[in-house]
Amino acid sequence: MNWKTAGLLIVMLLPSVAMANVGVRDNLTISLLSPMSSNRPSSTVNQGLTRVYFTASAAWGITGCRSDAGDVQAGDSNVLAAIMMAFATGKQIKVEVDDTLPTANSVCRITAIYVYP
């Protein structure tokens with residue numbers, strides 16, 4: 001690869017990285033978990049997701065994410081395990097979402113969770 005090609009690739013990738021919006025909310029408590037089957041013909045956009053609802057509704061910073069919930073993809077087993085533990089024990093959490101990942105009904109994907117002792 002020559003320098004011109006490498007430079008062109010960097011210039012093309014920069015706008016997509018710069019447009020990523022990550023939202024973080026702290027001191028959340030989970031009010032409801034809604035796991036959905038990986039085979040859900042009535043709502044294919046939600047297949048394999050677990051929707052996590054929070055007791056308080058607030059904006060996720062500059063993201064366009066729905067304010068009362070976040071989604072966890074079935075493959076994110078470590079995130080899902082921490083969410084289930086926090087829900088079962090009533091622990092407060094800090095949650096990070098990313099609005100560049102695919103959404104279902106404006107609910108953004110949860111990409112990180114921090115569980116408080």
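This text walks through the charged pairs, the disulfide and one buried aspartate of a predicted model.

Start with the salt bridges. The structure holds 2 of them. One joins the side chains of Asp71 and Arg51, with an N to O distance of 2.6 Å. This pair ties together distant parts of the chain. Asp71 sits in strand E4, residues 69-73. Arg51 sits in strand E3, residues 49-54. The two residues are 20 residues apart.

Is this pair buried or exposed? Asp71 has a relative accessible area of 0%, so Asp71 is buried. Arg51 has a relative accessibility of 4% and therefore counts as buried too, because the cut-off is under 20%.

Now take the other charged pair. The side chains of Arg66 and Asp68 meet in a salt bridge of 2.7 Å, again N to O. Here the setting is partly exposed. Arg66 reaches 27% relative accessibility, so Arg66 counts as partly exposed. Asp68 stands at 24% and therefore counts as partly exposed as well. Both values fall between the limits of 20% and 50% that bound this class.

Move next to Cys65, which leads to the disulfide. The count comes to 1 disulfide. Cys65 is joined to Cys108, with an S to S distance of 2.0 Å. The torsion about the S-S bond is about -90°, so the disulfide is left-handed. This link also spans distant parts of the chain. Cys65 lies in the loop between E3 and E4. Cys108 lies in the loop between E5 and strand E6, the latter covering 109-115. The cysteines are 43 residues apart. Both Cys65 and Cys108 are buried.

Cys108 brings us to Asp98, since Asp98 touches Cys108. Asp98 belongs to strand E5, residues 93-98. Which residues does Asp98 touch, leaving out those up to four places away in sequence? They are Asn21, Val22, Cys108, Arg109 and Thr111.

Asp98 is buried but has no salt bridge. What is the nearest side chain of opposite charge? It is that of Arg109, 10 Å away. Arg109 is nonetheless among the residues that Asp98 touches. Why does the pair not count as a salt bridge? The rule asks for a side-chain nitrogen within 4 Å of a carboxyl oxygen, so a separation of 10 Å does not qualify. Asp98 does have a polar partner. A polar contact of 2.6 Å joins the side chains of Asp98 and Thr100.

Technical notes: Residues numbered from 1 in each chain as written. Predicted model: local features only at pLDDT ≥ 70, side-chain atom pairs only at ≥ 80, totals over all residues. Heavy atoms only, no water. Helix = DSSP H or I, 4+ residues; strand = E, 2+ residues; numbered from the N terminus. Buried < 20%, exposed > 50% of the residue type's maximum accessible area, 1.4 Å probe, protein only. Lys, Arg positive; Asp, Glu negative; His and termini not counted. Polar contact = N/O pair within 3.5 Å; in protein donor to acceptor, adjacent residues only side chain to side chain. Contact = heavy atoms within 4.5 Å. Disulfide = S-S within 2.5 Å.
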